[in-house]
Amino acid sequence: MSDSQPEKWVRWDTRFPWLGKAPVSIQPYVSPEYYEKERRAVFGRMWLQVCRVEDVPNPGDYFVRELAVLDTSVLVVRGTDGIVRGFHNVCAHKANRVALSERGSCRALNCRFHGWTYGLDGRLISVPDEDGFCEPVKKGERGLRPVATDTWEGFVFVNLGPNPRETLEEFLGEFAACLEGYPFSKMNMYFKHQAEVGCNWKILVDAFQDGYHLRSQHRYSLADMFMGDPRKSFADVKFFKRHRFLSSNGNPAHKPTPTEMLAFVHGGYFSQSVFPPGWMPPGVNPTRSQEWATDINVFFPNMFIQLIAPGWYFVYTIWPLAVDRSLWEARIYFSPPENAAQRFAREYIMITVRDSILEDLSTCENVQANLKSGAIDSFPLHEAELFARHLLKVIDECIHEEERR
Amino acid sequence: MTLPEEFRDLERFAAWALPTESERSEMRISSRMEEISAFYDAMHAQMGAILPYLGRFDVNEMPEDAKQLLYLTLSLAEIAPAVEWYDQPTVIDGFDRRRYRSAPVSGSP
């Protein structure tokens, strides 16, 4: 007889009873009416991450983010004063796109339709043949329409609401505060991937906050690295007002493949630390687990910052295009390689992340297509899928708040 | 293509010395598994010498022959999952790679 009784397992869902346990309806994933409500109450009200400050490093540098969900295009530009501002990418004369490419650099923002020119602060500074206008152009009132813009730890956020009800700092709250100091800006080499995926945006969000699918969906790739068993691998779960957090352990018995081993040994796979020794912000690996592998920080509504071992991290953003179509974007950030062998290691990491994502995206499309069949009307959820409940709950709260106003 | 003297025998894999992820990925998914495996085996046989060799270079200041060698290693990274995970060129039951767009890497070559 063993002296030690096995510790009684407390299911994760029972630790958060307020999230409920009934199967969830598929309606929020398929209903065009619900999608319209989400557009207004969620994407039209919340702070949305559009780029990083390194995307616009110098005065005059700009970056354009298409926001189909809000029928607009946002132009982020760094002014001569160094401030990063956001505007609707819409000329105040005849509504043409002012910036036509995703990124660039300029001394002033010039619309190529009739040649109206705006300063980097959005002010209208020149109108060709101004005397020819039927009524004098009130230049002070015809600047680019500003969008509330702020930055946190180098991430640029915009808010398309007419008068944002919260500052970015209030929106992020304690969730983000405990990540402050993470050396995001040192990891400024990145790979960017995009794909249009035929599914509701929440199917994609769920796929990347799902601790239950690893063992099956990723059986060829990641499963062995994380064991696929949330009872062993979930180190910590936290829910904030809108955001959510999962800290996950790795599998200490994981057997690296030959190429993974090369990346590890020769390329500085996990060994090139950008942390000061022994230092980590409190929000990273908060349980200080010895077997820590990754933290998944899910920013409501549509952004993930996934932190891995020192030296790299990735950001996912998911942009709705329609109730059943979304734009997936992944950016995989690294500290710049010190030599060409490390460049190989970074490529290997990026490729394995990419191929794992390809495993998820095809399933997301299959799910969405099947939701139209009428064969099922709800999802029963496993304890490791509890994040999906939180997402739906927060969206419902946003919609209720919008309807009360 | 010319490779550094000690790796000349890998010049028969010149078709894999491609500068972008998109090109390397297209090469992977349009190749037969026997071709991928032959490249994988030949590269792994020499990676123990290749990586220390590449470790001497700054990625921004590489002679052309070393750069071609780096591209071969990046193709090895590209095809590694085909050999080690899937045993086929594409991701098993995966999303169509041609619908998944890669931008050029930013902040480094």
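## M47(B) and the meeting of chains A and B

Leaving out residues up to four places away in sequence, M47(B) touches L262(A), F344(A), P52(B), T73(B) and L76(B). The model described here is a predicted one, and the values below are computed from it.

The place of M47(B) is in helix α2 of chain B, and because its relative accessibility is 0%, M47(B) counts as buried. One of its contacts, L76(B), stands 29 residues from M47(B) in sequence, while the C-alpha atoms of the two are 9.8 Å apart in space. Helix α2(B) bends by about 65° at M47(B). The helix covers residues 33–54 of chain B, and whereas a straight helix of 22 residues would span 32 Å at 1.5 Å a residue, this one spans only 27 Å between its end C-alpha atoms. Among the buried residues of α2(B), besides M47(B), are M33(B), I36(B), F39(B), Y40(B), M43(B), I50(B) and L54(B).

The contacts of M47(B) with L262(A) and F344(A) lead on to the interface between the two chains. In that interface, 46 residues of chain A are in contact with 43 residues of chain B. The size of an interface is often given as the accessible area lost when the parts come together. Chain A and chain B bury about 3,600 Å² between them, with 62% of this area on carbon and sulfur atoms. Of the area that chain A buries against chain B, 16% is supplied by Y220(A), F344(A) and L358(A), which is more than any other three residues supply.

Polar groups also take part, since the count between chain A and chain B is 19 residue pairs in polar contact, both residues being at pLDDT 80 or more. On the side of chain A that touches chain B, at least two residues each come from β12 (189–197), α9 (258–266), β18 (325–334) and α10 (340–371). Of these elements, α10(A) gives the most to that side, with 18 residues. Across the interface of chain A and chain B, the rule finds 5 salt bridges, and the side chains of D355(A) and R28(B) meet in a salt bridge with N and O 2.8 Å apart.

H193(A) offers a closer view of one part of this meeting. H193(A) is found in strand β12 of chain A, and because its relative accessibility is 0%, H193(A) counts as buried. A polar contact of 2.9 Å joins the side chains of H193(A) and E21(B). Leaving aside neighbours within four places in sequence, the contacts of H193(A) include W328(A), M350(A) and R354(A) in chain A, and E21(B), Y100(B), R101(B) and S102(B) in chain B.

E21(B) also has a partner within chain B, for its side chain meets that of R97(B) in a salt bridge. This pair links distant parts of the chain, with R97(B) in the loop between α3 and β1 of chain B and E21(B) in helix α1 (residues 21–29), 76 residues apart. Both R97(B) and E21(B) are buried.

Side chains of opposite charge can pair when their charged atoms come close. A search of the whole structure finds 40 salt bridges over all chains, and the table gives some of them with their N to O distances.

| Salt bridge | N to O distance |
|---|---|
| D355(A) and R28(B) | 2.8 Å |
| E130(A) and K139(A) | 3.0 Å |
| E397(A) and K393(A) | 2.6 Å |
| R97(B) and E21(B) | 3.3 Å |

E397(A) and K393(A) are separated by about one helical turn, because they are 4 residues apart in helix α11 (residues 386–404) of chain A. E397(A) is partly exposed, with a relative accessible area of 36%, and K393(A) is partly exposed at 28% relative accessibility. E130(A) is partly exposed with a relative accessible area of 28%, and K139(A) is partly exposed, also with 28%.

Some features of the backbone remain to be described. Most residues other than glycine have a negative phi, and most peptide bonds are trans. A cis peptide bond, with omega about 0°, joins F300(A) and P301(A), and P301(A) is found in the loop between β15 (292–299) and β16 (303–307) of chain A. R288(A), a residue other than glycine, has a positive phi near 55°; R288(A) is found in the loop between α9 and β15 of chain A and, at 40% relative accessibility, counts as partly exposed. D87(B) is not a glycine either, yet has a positive phi of about 55°. D87(B) lies in the loop between α3 (64–86) and β1 (101–102) of chain B, and because its relative accessibility is 60%, D87(B) counts as exposed.

Definitions and conventions
Residues are numbered from 1 along each chain as its sequence is written. Chains are lettered from A and ligands numbered from 1 in the order in which they are written. This is a predicted model: local features need pLDDT of at least 70, side-chain atom pairs count only at pLDDT 80 or more; totals for chains, interfaces and linings use all residues. Side-chain values use heavy atoms; hydrogens and water are left out. The expected span of a helix is 1.5 Å times one less than its number of residues. The bend at a residue is the angle between axes fitted to the seven residues ending there and the seven starting there. Buried means under 20% relative accessible area, exposed over 50%, partly exposed in between (1.4 Å probe, protein chains only). Contact means heavy atoms within 4.5 Å. Buried area is the accessible area (1.4 Å probe) that two parts lose on being put together, summed over both. A salt bridge is a side-chain nitrogen of Lys or Arg within 4 Å of a carboxyl oxygen of Asp or Glu. A polar contact is a pair of N or O atoms within 3.5 Å; within protein, one must be able to donate a hydrogen and the other to accept it, and residues adjacent in sequence count only if both atoms are side-chain atoms.
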